[in-house]
Amino acid sequence: ETGLGGRLDSTNIIKPELSVITNIGYDHMNILGNTLEEIAFEKAGIIKENIPVVIGETLPETKPIFLSAAVACKSEIIFAEENFSLITVKPNIDNLVVELKNTKTQQLKNYTLDLNGIYQQYNLRTVVTAVDVLIKKGYSLIDEKISSALRHVKELNGLHGRWDVIQYEPTVVLDVAHNEDGIKQLSSQLSLFTFEKLHIVFGIVKDKEISKILSLLPKKAVYYFTKAQIPRALPGEELLINAKEYNLHGNCYSNVNEALLAALANAGKQDMIVVCGSVYVVGEVDESFTKKPLVTL
């Protein structure tokens with residue numbers, strides 16, 4: 001998968017063994033287009049001639065786009081949702097247990113993920129589908145090693161910031177949710193856990209759909225509005241003014257660590273603190289808050 005979009009992304013010069021498109025959502029519309037069909041067209045630009053492509057998730061608007069691109073490139077197209085069914089999903093505070101069923105063989109398989117966001121169930125299905133395709137191409141991929149790797153993703157590659165629990169009592173979570181789909185997933189994740197009060201450290205960059213994102217944030221939370229130390233960041237004072245229009249209330253802080261310290265000072269042991277809104281905000285959380293270095297990719 002490429003970085004921003006696909007068709008015109010700088011990484012798209014590579015001829016891969018396999019292309020993977022995860023899901024399509026509204027983000028970077030100023031570059032990729034204003035409709036799901038337009039965004040899907042840009043993503044489909046990574047499909048290469050005679051190279052298979054795995055599609056992780058589809059929508060009625062996007063599936064025809066992918067099918068058309070695959071036909072034009074004479075590429076085999078594999079839809080993960082047609083190859084594996086999600087049977088059970090058990091979210092825990094620090095892991096996610098998912099049972100998949102192979103729709104062809106009916107075989108059941110359990111996986112435990114240290115990337116524990118509830119949305120990772122769909123990414124898992126995509127990964128397992130991609131592994132199957134690579135095995136058919138002659139790669140030797142051992143099931144036990146794949147399962148072990150999925151249990152230790154953070155340890156193996158330093159990937160943090162996806163429902164990443166860094167403290168307990170109160171529970172402190174880092175999540176790089178920064179667009180409409182991400183905030184919806186974050187809200188779904190929050191609904192799975194119990195806590196006394198919710199505290200949200202929030203910052204965002206200027207080019208996001210700020211009004212849409214603010215409208216989706218939980219109303220019953222104390223907010224600590226802040227900004228990353230980059231030119232693209234929306235000033236916390238401006239964010240605070242916009243947030244009040246959506247009944248989101250709190251105070252403004254000059255940087256994420258000041259905001260997080262304020263949240264910790266105000267939170268009880270049974271509360272939850274979530275730092276979100278921007279990859280840059282999460283990336284600026286000081287390592288003193290956690291025992292592991294934070295790398296957000």
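Partly exposed, as used on this tour, describes a residue whose relative accessible area falls between the buried limit of under 20% and the exposed limit of over 50%. Bear in mind throughout that the model is predicted.

Select E17 to begin: at 39% relative accessibility, E17 counts as partly exposed. Add K137, which is likewise partly exposed, with a relative accessible area of 38%, and you will find the two joined in a salt bridge whose closest N and O atoms are 3.6 Å apart. Because K137 sits in the loop between helix 5 and helix 6 while E17 belongs to the segment before strand 1 (19–21), this pair ties together parts that are 120 residues apart in sequence.

Stay in that loop and select Y139, which is found between helix 5 (120–136) and helix 6 (143–151) and, at 37% relative accessibility, counts as partly exposed. Together with I135 and L141, Y139 forms a nonpolar patch on the surface, with about 230 Å² of accessible area for the three together.

The structure holds six salt bridges, and another to display is that of D164 with K154, where the closest N and O atoms are 3.0 Å apart. D164 lies in strand 7 (residues 164–167) and K154 in helix 7 (residues 153–157), so the pair ties together parts 10 residues apart in sequence; both D164 and K154 are buried.

Next, colour strand 12 (residues 272–276), where five of the five residues are buried, so that the strand is largely enclosed by the rest of the structure. In a regular strand the side chains alternate between the two faces of the sheet. Here M272, V274 and C276 are buried on one side, and I273 and V275 on the other. Now show what pairs with strand 12: strand 8 (residues 171–174) does so in the parallel sense over four bridges, with T171 opposite M272, and strand 9 (residues 198–202) also runs parallel to strand 12, joined to it by five bridges, with L198 as the bridge partner of M272.

From V274, move into the largest nonpolar core, which has 27 residues, and in which W163, F202, L214, Y223, F225 and V274 touch the most other members. Elements giving two or more residues to this core include helix 8 (180–190), helix 9 (210–216) and helix 10 (236–244). Apart from it lies another core, of 21 residues, among them I166, V172, Y253 and V282.

Finish by centring on Y223, whose contacts, leaving aside residues up to four places away in sequence, include I200, F202, L217, P218 and L248.

Note on methods:
Residues numbered from 1 in each chain as written. Predicted model: local features only at pLDDT ≥ 70, side-chain atom pairs only at ≥ 80, totals over all residues. Heavy atoms only, no water. Buried < 20%, exposed > 50% of the residue type's maximum accessible area, 1.4 Å probe, protein only. Pairing = 2+ DSSP bridges. Core = buried A, V, L, I, M, F, W, Y, C linked by side-chain atoms within 4.5 Å. Contact = heavy atoms within 4.5 Å. Patch = residues over 30% accessible without salt bridge, like charges linked within 9 Å, V, L, I, M, F, W, Y side chains within 5 Å. Areas by Shrake-Rupley, 256 points an atom, 1.4 Å probe, with all protein chains shown as cover. Salt bridge = Lys/Arg side-chain N within 4 Å of Asp/Glu carboxyl O.
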